[in-house]
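Subject: Handing over the model, with notes on what was found

Dear colleague,

I am passing on a structure for you to look through at your own pace. Please open it first, and then read the notes underneath with the picture beside you.

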Amino acid sequence: MPELPEVETIRRQILPVTRQLTIVAGQVTRARAVRAHRSPEEFLALIIQRRILDIIRRGKVLLFLLDNDTSLLVRLGMSGRLGVAEACLPSLPHTHVQLTLSNGTELRFIDPRTFGQMAVVNGHDPDRMAELGHYGLEPLSEAFTSQALAQALAGKKQLIQAVLMDQTKIAGLGKIYADEACFLASVSPLRTAASLNTEDIARLHAAIRQVLEQSISARGTSTLDAAYRDANGNKGDFQAKLYVYQRAQQSCRVCGTLIEQRPLQGRRMHFCPRCQR
DNA sequence: AATGGGGCCTGAGAGC
DNA sequence: TGCTCTCAGGCCCCAT
């Protein structure tokens with residue numbers, strides 16, 4: 001599942017091969033991929049002849065900044081992929097959007113489960129966009145301090161993992177990194193956000209930064225299902241370094257205790273009952 | 001206001 | 001072998 005590290009990996013790979021290029025043509029072969037718009041034609045009309053100035057990321061969302069103060073917003077959802085390929089190369093199954101760039105290559109959006117989408121939005125500043133303005137702390141920014149995290153968690157009666165995955169509190173964490181951050185911080189996911197003390201939060205803050213940065217270095221995590229691939233079609237390497245996510249009934253890499261899983265909002269959380277308190 | 005749950009989707013893997 | 005069922009989960013919407 002593309003979470004912050006996977007999206008950031010794709011951003012870094014796509015940026016150098018699209019920057020300053022103009023979208024000269026486009027094709028939408030599945031209207032759902034651009035469902036925020038009335039029609040694929042409307043979507044395409046908004047981006048054709050627009051030049052890509054830069055690509056930024058907010059949480060799990062990519063924004064291609066266009067030269068008329070609009071942005072092409074890309075959510076990868078669960079199974080979305082982006083790639084840039086020579087136009088002569090065949091497209092992969094589930095390629096829903098293909099945008100021809102001024103150097104003859106194509107930016108391709110592939111998404112089997114169709115939870116992802118592309119949309120054109122106004123402006124370049126995510127904090128001032130209707131679509132992203134409600135997003136919470138950006139974990140790799142300077143604004144993400146231990147104090148800011150404490151404020152985001154204060155008084156919340158939900159389990160800590162649920163709050164960590166709430167994009168309006170912290171933007172970019174999903175199941176994988178919420179599980180892993182709690183492990184690294186030695187915090188049990190059975191606790192409520194409000195129950196964490198200042199030291200717990202300080203460890204959690206450091207853990208979130210650490211796991212995200214290490215995963216970006218490994219070009220993200222490719223899990224068994226919905227297999228994430230980077231923009232070059234390669235798997236990430238971070239799955240080999242996971243401590244708890246999808247490791248139920250396997251031995252904790254630190255203490256050997258069996259990793260447990262429990263339901264959380266229709267999903268599952270994974271944790272070491274001994275290392276995490 | 002905050003919280004919980006359902007629905008959208010498809011492919012992989014399990015089970016028969 | 002081939003079918004059916006279950007599970008995975010980001011995000012949006014609705015009900016409480």
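The notes below cover how to read the model, then the two DNA strands, then the helices.

This is a predicted model, in which local features need pLDDT of at least 70 and side-chain atom pairs count only at pLDDT 80 or more, while totals for chains, interfaces and linings use all residues. Residues are numbered from 1 along each chain as its sequence is written, chains are lettered from A and ligands numbered from 1 in the order in which they are written, and side-chain values use heavy atoms, with hydrogens and water left out.

DNA strand C

There are 14 residues around DNA strand C, and of these Met78, Arg113, Phe115, Tyr245 and Arg268 come nearest; a residue is counted as near a strand if one of its heavy atoms lies within 4 Å of it. By class, this surface has four nonpolar, two polar and eight charged residues, where Ala, Val, Leu, Ile, Met, Phe, Trp, Tyr, Cys and Pro count as nonpolar, Asp, Glu, Lys and Arg as charged, and the others, Gly among them, as polar. Of the strand C atoms within 4 Å of the protein, 54% belong to sugar or phosphate, and the rest belong to bases.

Phosphate oxygens of DNA strand C are approached by polar side-chain atoms of Tyr245 at 2.6 Å and of Lys60 at 3.3 Å, and an N or O atom in the side chain of Arg75 is 3.1 Å from a phosphate oxygen of this strand.

DNA strand B

The residues around DNA strand B include Arg30, His94, Thr114, Lys156, Lys157 and Gln265, and the surface near this strand divides into two nonpolar, four polar and five charged residues. Here 69% of the strand B atoms within 4 Å of the protein belong to sugar or phosphate, with the rest in bases. A polar side-chain atom of Arg32 lies 3.0 Å from a phosphate oxygen of DNA strand B, and one of Gln158 lies 3.3 Å from a phosphate oxygen of the strand. With Pro112 it is a backbone N or O atom that takes part, at 3.5 Å from a sugar or linking oxygen of DNA strand B.

Helices that pack on α6

Helices are DSSP runs (H or I, at least four residues), numbered from the N terminus. Axes are lines fitted to C-alpha atoms over the stretch in contact, with angles that run from 0 to 180 degrees between N-to-C directions.

Helix α5 (residues 175-184) packs on helix α6 (residues 198-217) at an angle of about 125 degrees, with the axes 8 Å apart. That angle is why α5 is called oblique to α6, given that angles under 35 degrees count as roughly parallel, over 145 as roughly antiparallel, 65 to 115 as roughly perpendicular and the rest as oblique. The contact (heavy atoms within 4.5 Å) involves residues including Tyr177 and Leu184 of α5 and Leu204 and Ser215 of α6, and by class it has nine nonpolar, two polar and one charged residues.

The axes of helix α3 (residues 146-153) and α6 come within 9 Å and cross at roughly 110 degrees, which makes α3 roughly perpendicular to α6. Ser146, Leu149, Ala150 and Leu153 of α3 meet Ile201, Ala202, Leu204, His205 and Ile208 of α6, a contact with seven nonpolar, two polar and no charged residues.

Helix α1 (residues 4-18) and α6 pack at about 40 degrees, their axes 9 Å apart, and are therefore oblique to each other.

With best wishes

Notes: Polar contact = N/O pair within 3.5 Å; in protein donor to acceptor, adjacent residues only side chain to side chain. Helix = DSSP H or I, 4+ residues; strand = E, 2+ residues; numbered from the N terminus.
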